[in-house]
Amino acid sequence: MVSDVLVCYAFAVIKYQFCPKCGGGLKPKNASLLVCGVCSYHFYQNSKPTAKALIIEDGKILLGIRAVDPFKGHWNIPGGFLEYGEDPKDCAKREAQEETGLEVQIGELLGIFTDFYGVEKNATINIAYMASRISGEVKPGDELVELGWFSPDNLPNTLASECNAKMLEAWKRL
Ligand SMILES: [Zn+2]
């Protein structure tokens, strides 16, 4: 919705008051740009990238219940934020290993999905890959309380951020 997008842009431009380079005051120039009044540094507020792994086995997908906020207690597709300069496929593989205990093979790109994450509604762009187990046994990582396999017609209702629902819908349409 347009109004949601505008609210989120507003969050982005008011969230930072001081220039990260010189400490001068920042002024919003437009919906996604803050400019330093002292050194003119352009501080862009763009979407943060994440990568997710849809790990499929025997027609079922592996989901985990988050142990921490945001979305504590909600089911989530394994994934997380990219590190600086990281290939999204490497991120999906790394996060899958951390969260599920499985070494996975990253397959085809399922799609790219926008979302707004957490209490501050930070804009994200979420890159979803199909994945399959190479080795390992399913064991929840520190950020999860439980993992489970779900068939497409029996998915949990309580999902973490909205991109999970969008990705699961896209998976069901394959
Ligand atoms: Zn500055």
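**Strand 6, a zinc site and two domains**

Asn 76 is located in strand 6, which spans residues 75-76. The model under discussion is predicted. Asn 76 has a relative accessible area of 7% and is therefore classed as buried, since the limit for that class is under 20%.

Around this buried residue, the side chain of Asn 76 takes part in two kinds of pairing that may be inspected in turn. With the side chain of Lys 52, it forms a polar contact of 3.1 Å. With the side chain of Asn 164, the side chain of Asn 76 forms a polar contact at 2.9 Å. Both partners recur in the list of residues that Asn 76 touches once those up to four places away in sequence are set aside: Lys 52, Leu 63, Gly 64, Arg 66, Ala 160 and Asn 164.

The chain as a whole is assigned two domains, domain 1 covering residues 2-44 and domain 2 covering residues 48-172. Their C-alpha centres are 30 Å apart.

Attention now turns to the zinc ion. Its protein donors are the SG atoms of Cys 19, Cys 22, Cys 36 and Cys 39, at distances of 2.3 to 2.4 Å from the ion. Why is the arrangement of the four donor atoms tetrahedral? The angles that these atoms subtend around the zinc ion run from 100 to 113°, and four donors qualify as tetrahedral because all angles lie between 85 and 135 degrees. Along the chain, the donors are spaced as C-x2-C-x13-C-x2-C. Cys 22 belongs to the loop between helix 1 (2-15) and strand 1 (26-30), while Cys 39 belongs to the loop between strand 2 (33-36) and strand 3 (42-44), so this pair ties together parts 17 residues apart in sequence. As for accessibility, Cys 22 is partly exposed because its relative accessibility is 40%. Cys 39 is likewise partly exposed, at a relative accessible area of 36%.

A further position to examine is Gly 59, in the loop between strand 4 (48-57) and strand 5 (60-66). Is Gly 59 buried or partly exposed? Its relative accessible area is 43%, so Gly 59 counts as partly exposed. Setting aside residues up to four places away in sequence, Gly 59 touches Phe 150, Ser 151, Pro 152 and Trp 171. By contrast, 29 Å separates the C-alpha atoms of Gly 59 and Tyr 117, which are 58 residues apart along the chain.

Note on methods:
Residues numbered from 1 in each chain as written. Predicted model: local features only at pLDDT ≥ 70, side-chain atom pairs only at ≥ 80, totals over all residues. Heavy atoms only, no water. Donors = N, O, S within 2.8 Å, 3.2 Å for Na, K, Ca; no water. Tetrahedral: all angles 85-135°; square planar, octahedral: opposite > 155°, others 65-115°. Helix = DSSP H or I, 4+ residues; strand = E, 2+ residues; numbered from the N terminus. Buried < 20%, exposed > 50% of the residue type's maximum accessible area, 1.4 Å probe, protein only. Polar contact = N/O pair within 3.5 Å; in protein donor to acceptor, adjacent residues only side chain to side chain. Contact = heavy atoms within 4.5 Å. Domains from an automatic or database assignment.
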